[in-house]
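Thanks for sending this one over. Below are my notes, as numbered points, to read with the structure open beside you.

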Amino acid sequence: MKNKVLIHLCVPELSVDFDVFIPVSELIWRVEKLLLKSVSDLCNIPINPNLEYVLMNKDTTRIYKSNEQVIDTDIRNGTEVLLLSKGI
């Protein structure tokens, strides 16, 4: 595995999806922050960073733990990942 993987990110709350490279050596919580910032910038929609978000595998419905490294998960090239907020 190289240092990045290409994922298909779906953000149901905003009805948008993107293909994004993420680093495999990062922790999930840092990837969440990176993705939130990227989605906010690309959509020109402010996203509340104070809400808690989770990444979930669309096919297996696995919710990734914040302290896991991407390389230790089942996230690989082409994985479809949902970015969901816990709060309302």
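1. A word on terms before we start: a residue is called buried when its relative accessible area is under 20%, exposed when that value is over 50%, and partly exposed in between. By that scale Lys58, with a relative accessible area of 41%, is partly exposed. Please also keep in mind that this is a predicted model.

2. On confidence, the mean pLDDT of the protein is 92, and 97% of the residues score at least 70. Ranked by element, strand S1 (residues 4-11) has the highest mean pLDDT, 97, while H1 has the lowest, 93. As a general caution, predicted coordinates should not be read in detail where pLDDT is low.

3. Let us go back to Lys58 and its partner. The count of salt bridges in the model is six, and one of them joins the side chains of Lys58 and Glu80, with an N to O distance of 3.4 Å. This pair links distant parts of the chain: Lys58 sits in the loop between strand S3 (53-57) and strand S4 (80-85), Glu80 belongs to strand S4, and the two are 22 residues apart. Glu80 has a relative accessibility of 26%, so this residue, too, counts as partly exposed.

4. Which residues does Arg62 pair with? One salt bridge runs between the side chains of Arg62 and Glu68, at 2.4 Å from N to O. Another is formed with Asp74, where the closest N and O atoms are 3.8 Å apart. Both Asp74 and Arg62 lie in the loop between S3 and S4, so their salt bridge ties together parts that are 12 residues apart in sequence. Through shared partners, salt bridges join Arg62, Glu68 and Asp74 into one network.

5. Are the members of that network buried or exposed? Glu68 is buried, because its relative accessible area of 15% falls under the 20% limit. Arg62 is partly exposed at 29%, and Asp74 is partly exposed at 30%.

6. Asn57 is worth a look alongside the network. This residue is found in strand S3 and is buried, with a relative accessibility of 4%. What does Asn57 contact, leaving aside its neighbours within four places in sequence? The list is Arg62, Tyr64, Asp74, Thr79 and Glu80. Arg62 and Asp74 in that list are members of the salt-bridge network, and Glu80 is the partner of Lys58 in the salt bridge of point 3. The C-alpha atoms of Asn57 and Asp74 are 8.5 Å apart in space, with their positions 17 residues apart in sequence.

7. Now to helix H1 (residues 28-43), where Ser40 is found. Why does Ser40 count as buried? The relative accessible area of Ser40 is 18%, and buried means under 20%. With neighbours within four places in sequence set aside, Ser40 is in contact with Ile45, Pro46 and Ile47.

8. For anyone who checks backbone angles, two residues deserve a glance. Asn44 has a positive phi of about 55° although it is not a glycine; this residue lies in the loop between H1 and S3 and is exposed, with a relative accessible area of 69%. Thr61, also not a glycine, has a positive phi of about 60°. Thr61 is in the loop between S3 and S4 and counts as exposed at 52% relative accessibility.

9. Last, the pocket. The largest pocket has a volume of about 180 Å³. Of the 13 residues in its lining, those closest to the centre are Glu32, Glu52, Tyr53, Val54 and Ser66. Which elements supply at least two residues each to this lining? They are H1 and S3, and H1 gives the most, with four residues. By residue class, the lining of the largest pocket divides into seven nonpolar, five charged and one polar.

Definitions and conventions. Residues numbered from 1 in each chain as written. Predicted model: local features only at pLDDT ≥ 70, side-chain atom pairs only at ≥ 80, totals over all residues. Heavy atoms only, no water. Salt bridge = Lys/Arg side-chain N within 4 Å of Asp/Glu carboxyl O. Buried < 20%, exposed > 50% of the residue type's maximum accessible area, 1.4 Å probe, protein only. Contact = heavy atoms within 4.5 Å. pLDDT = per-residue confidence, 0-100. 1 Å grid on protein atoms, 1.4 Å probe; cavity = no way out; pocket = protein on both sides within 12 Å on 5 of 7 lines; lining within 4 Å. Points joined across faces, edges and corners; volume = space filled by probe spheres on them. Nonpolar A, V, L, I, M, F, W, Y, C, P; charged D, E, K, R; others polar.
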